[in-house]
Amino acid sequence: MEEDESTTPKKKTDSQLNLPPSMNRPTVSLESRINRLIDSNHYHSPSKPIYSDRFIPSRSGSNFALFDLASPSPKKDGKEDGAGSYASLLKTALFGPVTPEKSDVVNGFSPSMNIFRFKTETQRSLNLYPPFGSDVVMSGVSPSPVKSPRKILRSPYKVLDAPALQDDFYLNLVDWSAHNVLAVGLGNCVYLWNACSSNVTKLCDLGVDESVCSVGWALRGTHLAIGTSSGTVQIWDVLRCNRIRTMEGHRLRVGALAWSSSVLSSGSRDKSILQRDIRAQEDHVSKLKGHKSEICGLKWSFDNRELASGGNDNKLFVWNQHSTQPVLRYCEHAAAVKAIAWSPHQYGLLASGGGTADRCIRFWNTTTNTHLSCVDTNSQVCNLVWSKNVNELVSTHGYSQNQIIVWKYPTMSKLATLTGHTFRVLYLAVSPDGQTIVTGAGDETLRFWNVFPSPKSQSRESEIGALSFGRTTIR
């Protein structure tokens with residue numbers, strides 16, 4: 001016997017709503033039932049309570065567009081699909097008459113739909129929604145601690161007296177070896193200061209007719225090159241305290257030196273750069289011509305492929321291993337370019353600083369031959385050096401503030417400004433561990449500063465010299 005067709009939908013509807021038998025009311029529409037269950041002002045029967053298996057709060061004021069919810073399915077042949085109709089009514093009850101829009105429409109709520117898809121909120125801050133906007137702290141959850149900036153001591157931990165340290169912008173009289181030995185040119189002598197034992201050794205005396213104009217350690221730290229006022233370059237074996245070679249070729253003083261493996265580059269007041277291979281018998285293997293004035297800055301890149309040179313002609317040139325003419329020419333500086341530094345963190349990144357009439361630090365990409373940025377320091381730039389442990393660099397300055405600045409790259413925000421020298425800070429070198437710098441000035445002092453973190457911990461302060469406060473002399 002077939003069932004009556006008029007009663008069949010009613011039973012299906014009741015079973016779909018999962019209502020108790022006592023609540024079967026055929027005359028009540030589907031929409032009114034949902035409104036009774038969901039509306040914030042709940043409908044209560046005067047005689048019987050309403051039972052349900054869950055409570056769905058009203059969230060009409062919430063911004064659910066952030067969660068990218070689906071919109072109701074379209075009509076098919078003028079009639080809405082049953083699942084889509086139910087989803088539409090449920091969304092209207094949950095969100096109110098205005099619901100989030102979405103271009104791609106799906107039928108109803110799909111279990112596989114990615115509800116919590118990330119979407120940037122631009123108009124309303126996420127702090128407006130719980131738990132961010134609540135004053136209640138969730139149990140067991142603590143906010144992440146804010147990392148405090150690294151502390152850099154504003155005073156040197158050691159000061160050495162350096163009598164006869166010349167106040168000459170074009171000279172380079174201080175260098176620190178890989179074996180932790182500091183070489184300093186004082187007048188016509190070169191002294192070695194051992195940072196481990198604090199012992200001072202007099203390496204050589206050039207005589208009354210000559211003076212030291214530059215010093216430069218070989219990469220392994222056992223040979224020291226000395227540029228003289230007469231134009232010669234001497235090579236010394238510091239382990240034996242012997243001069244092993246004297247090389248000529250320049251007509252005037254040699255104020256800049258730079259090592260690249262067994263090749264030594266020397267820059268002179270005669271406007272030339274000589275490439276010297278200490279394994280060859282000749283004094284020099286090639287001559288680089290391009291500058292129109294004295295060479296005061298020389299630096300090889302860390303891969304030993306490019307040599308940067310700066311001169312009193314306000315020019316910055318870049319040479320490769322085999323060129324005798326500069327492959328790159330930068331003419332933006334308005335004063336002498338002594339300060340040169342290659343980045344150990346980014347290939348082809350070069351920094352340069354200009355003298356009193358320029359006062360700017362400029363950054364170059366030698367791979368693409370582009371000028372990246374410029375920072376006005378308001379003071380003569382005498383030296384630049386990059387940290388090998390972190391992406392920071394130090395600049396030393398002369399007229400008129402005589403300061404030392406630690407910069408964060410690439411933002412070029414100042415991490416610290418160090419003062420203490422009373423003359424231009426003309427000389428700068430870095431310890432082999434990359435944590436300490438030494439600065440020299442015409443006030444005849446060498447000052448040691450802890451400015452960079454160690455490579456293992458960027459927050460732990462350097463222990464070098466922590467117990468060696470005081471002032472001594474280097475000669």
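This passage walks through the main pocket of a predicted model, one of its sheets and its annotated repeats.

A good place to begin is the largest pocket, which holds about 1300 Å³ of space. Its lining is made up of 44 residues, and those nearest the pocket centre are Asp-175, Trp-176, Lys-299, Phe-302 and Val-385. Several strands contribute two or more residues each to this lining: β2 (174–176), β6 (212–217), β10 (254–260), β14 (295–300), β18 (337–342), β22 (381–386) and β26 (425–430). In chemical terms, 30 of the lining residues are nonpolar, 10 are polar and four are charged.

One of these contributors, β14, also belongs to an open sheet of four strands, arranged in the order β14-β15-β16-β17 with antiparallel pairing. Because β14 and β17 (328–330) each have a single partner strand, they stand at the edges of the sheet, and one side of each is left without a neighbour there. From one strand to the next, the twist averages 15°. Looking at one pair in detail, strand β16 (residues 316–320) runs antiparallel to β17, and three bridges join the two. Within this part of the sheet, Phe-317 has Arg-329 of β17 as its bridge partner.

The UniProt record, an unreviewed entry, adds a further layer by placing the feature "repeat: WD" at residues 288–329 and 418–451. For the span 418–451, the model gives 56% strand and 0% helix, and the C-alpha atoms at its two ends lie 10 Å apart.

Notes
Residues numbered from 1 in each chain as written. Predicted model: local features only at pLDDT ≥ 70, side-chain atom pairs only at ≥ 80, totals over all residues. Heavy atoms only, no water. 1 Å grid on protein atoms, 1.4 Å probe; cavity = no way out; pocket = protein on both sides within 12 Å on 5 of 7 lines; lining within 4 Å. Points joined across faces, edges and corners; volume = space filled by probe spheres on them. Nonpolar A, V, L, I, M, F, W, Y, C, P; charged D, E, K, R; others polar. Pairing = 2+ DSSP bridges. Axes fitted to C-alpha atoms, helices over the stretch in contact; angles between N-to-C directions. UniProt positions renumbered as here; feature names shortened; annotations may be inferred.
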